[in-house]
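Thanks for making time this morning. Before I start, please bring the structure up on your own screens so that you can follow along.

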Protein chains: 2
Amino acid sequence: MDEEVKLGIIGFGTVGSGVVKILTQNADIIKRRLGFSLVLKSIVDIDISRDRGVSTAGIHLSTDVGEILDNPEIRIVVELVGGYEPARTFILRAMAAGKHVVTANKALLATHGEEILETARRSGVDINFEGSVGGGIPIIRALKEGLAANRMVKVFGIMNGTANYILTEMTENGESFQNVLEKAQRNGYAEVDPSLDVEGIDTAHKLSILLAMSYEMPIIPEDIFTEGITGISSQDIRYAGDFGYKIKLLGISSAHDNVVEARVHPTMIPEDAVLSKVDGVFNAFYVVGDVVGPTMYYGQGAGMMPTGSAVVGDIMELARNVRAGAERRVHPLGFETRCGEKVVQKIADLVTKHYFRFSAVDRPGVLSRISGILGDNQISIASVIQMGRELRGGAVPIVMMTHEAREADVQQALREVDQLEIVQDRTMHIRVEDETLRGGLS
Amino acid sequence: MDEEVKLGIIGFGTVGSGVVKILTQNADIIKRRLGFSLVLKSIVDIDISRDRGVSTAGIHLSTDVGEILDNPEIRIVVELVGGYEPARTFILRAMAAGKHVVTANKALLATHGEEILETARRSGVDINFEGSVGGGIPIIRALKEGLAANRMVKVFGIMNGTANYILTEMTENGESFQNVLEKAQRNGYAEVDPSLDVEGIDTAHKLSILLAMSYEMPIIPEDIFTEGITGISSQDIRYAGDFGYKIKLLGISSAHDNVVEARVHPTMIPEDAVLSKVDGVFNAFYVVGDVVGPTMYYGQGAGMMPTGSAVVGDIMELARNVRAGAERRVHPLGFETRCGEKVVQKIADLVTKHYFRFSAVDRPGVLSRISGILGDNQISIASVIQMGRELRGGAVPIVMMTHEAREADVQQALREVDQLEIVQDRTMHIRVEDETLRGGLS
């Protein structure tokens, strides 16, 4: 029973180096768990000369992906190239060759997931992607197996470490978005092109994978309303604090019969809620099932070792399946068949509380004009806490919290307000969630 | 591919009823996940006439356990009898008959786990027990598979819903232990004999299972230092609050080379730590791995539906293995072989901060006598916040927090203090944990 299972890694970047390090450093415990050895045969990258600070003794390094894809000994291919191409082609070729695949590539899964899953099915191979959502947090496994007895009711959380790091730094140090972003880029916490992270796209990618696993939907990130954090100012963070809130970039979903609510946007949440305490590069996912009730999962959402932990866990699962002859034991998304159509609720129909920061000239009657427009659009004001602090150009911020209001009404009202000659800048608008996101944690 | 997998349930109590309800209510989604049906053939209980409020249409009800254990059609036996006997015998008989077993019986696993696991190995069958620890929280799966790439560093948390409910009520309403316990018994949150829960024994049982899965140890609850919450007074909870702490019953473990620290006791933790916000019947587990870093898992730790969720998830996993011919795909504890001996650290060697409440007579020189004894035993006082409130019989409480001190020294000092004629009652002693239990959550 000591036959080994062989694997190859394509992509020797940060996560690839972490995976190699874990396979070496924890080889003993991995073998005791499995009862057999994992053998990393080959690593392929366009650059195999750079020193990654990890030992590659006994591992074949090559720039030719064929050394992995065409090697019949290799049963598991680990794709850590990232991006769309050539990652997609590598995965499809590996599957066609009957190899199982592990990836942490959420952008690829969100965009080409249906094609990849269909290819896996036809080829009779598995694809695991725990590292694609929540870094080292075993959230994919929880949805696929641990909570399998449940009809999912809600799934939401902090899903992007870069955006969370930026908001945390802005909150703690009162710095501007731009300053913190530049610091994050210098520290390697943010990409040179940070748009996937700060525009909410990466969160939407991850949420689209969770939606498919929770509500039996196809993977459709384009149906998820997505708004990033680039417009958030340290002023808004300060006002949020005055109201007792923090601002977090959340992915939020819930299901009611065949209608799924799915959205990504900066959200004001009570500062004593547990999600408000999830800071820096940490992620947290709430999953509410119909029988289990609220559950929560927390850990580092990205990084060489946490994501490496997830990738190696995935490799171990697939190696077990290879050894047991139990390929396709579980569908990659957790459902062998999906129930009928699900419809994503239009954002126009969303009902939440809202925060507005209007930039108005300091003149009598301004508040009455604005509140008149809100009233005409069925938006009722809960409180106005700030006004009269003069800014450049004579504008003053008027800051409001509303009661629950329909998004379509809010958009209409803001269009009208922003056309007033007494309003100098586009109104800042942040959605507010109170009780619904506590998930049982006081 | 639509062959069904048949199962039987022994024990039609609270969790058994929950399992039956879930199998009925979520039969559609369970089938879509699996691609085949689970069929509950038989339920056995000594009482099959009582109405449990769940539909048993099409299910054979019997008082004869042989109807399940001797039925070759039944591949999975769900043991929900609880307690040691006859549960142990039923499980061993089911295994001998080649049936896979699902149980939520932590007391049995903690006490007879080694025998049961050895019988499972010899019989080539699986045993799943997600519901035995953390109710519906998939913590067993996280340790066994999700975090399998890790060498575990720390595992700790709130593992008993009854004790947590009692401490929560005592904290929120200032009520006495006895009053809250009686209320909990009336509400069904506590057993008629609550000793397993309030004496910390149930937490030690659960922790012993987690230790085996985390550190490759045998299941040895008797090696875990265990102290319950029966001595905690509302006074101590109030003083804890004055110091900025809450009191929680924690299971705590960590590993350093071959030495494992493992203990269960009421613990003062900072009131802004996330564990302090885990209230009522909720549980939370921190798992710190060498590569994943800190992770946390939270949900309802007990109850008909949460535990039912875990049990049905276990049934689904085993049914998948049966269908794939992949029995024993993963060892029940996650390790095919264990590394050499682990030693549980003696409690005498534990170093923590401490809270003391002395009951001394109100007389000059008392504080000097007590602090002299502490000093002689290398215990350094961090602060004294309360003294001089007279109680019955002229005794006053002197409340202290210490710096880090060795448990053996503390025990010696308390023995000496409690022998002083100026000390009227046994000194209350609660261990204090600060930074170490935050696990990355600020």
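I will go through the relation between the chains, then their interface, and then one sheet.

This is a predicted model, in which local features need pLDDT of at least 70 and side-chain atom pairs count only at pLDDT 80 or more, while totals for chains, interfaces and linings use all residues. Residues are numbered from 1 along each chain as its sequence is written, and chains are lettered from A in the order in which they are written.

With copies superposed by least squares on the C-alpha atoms of residues with pLDDT of at least 70 in both, a turn of 180° and a shift of 0.0 Å along the axis lay chain A on chain B with an RMSD of 0.0 Å. That is the relation of a two-fold axis, and in chain A the C-alpha nearest to this axis belongs to Tyr297(A), at 2.4 Å.

Counting a contact when C-beta atoms, placed from the backbone, lie within 7 Å, 59 residues of chain A touch 59 residues of chain B. Helix H12 (304-324) of chain A gives the largest share of that side, 10 residues. The copies meet through the same surface, because 100% of the interface residues of chain A are also interface residues in chain B.

Strands here are DSSP runs of E, at least two residues long, numbered from the N terminus, and helices are runs of H or I of at least four; two strands pair if DSSP finds at least two bridges between them. E12(A) and E12(B) pair in the antiparallel sense over three bridges, with Met296(A) partnered by Tyr298(B).

Finally, chain B holds an open sheet of six strands with parallel pairing, in the order E3-E2-E1-E4-E5-E6.

Conventions. Contact = placed C-beta atoms within 7 Å.
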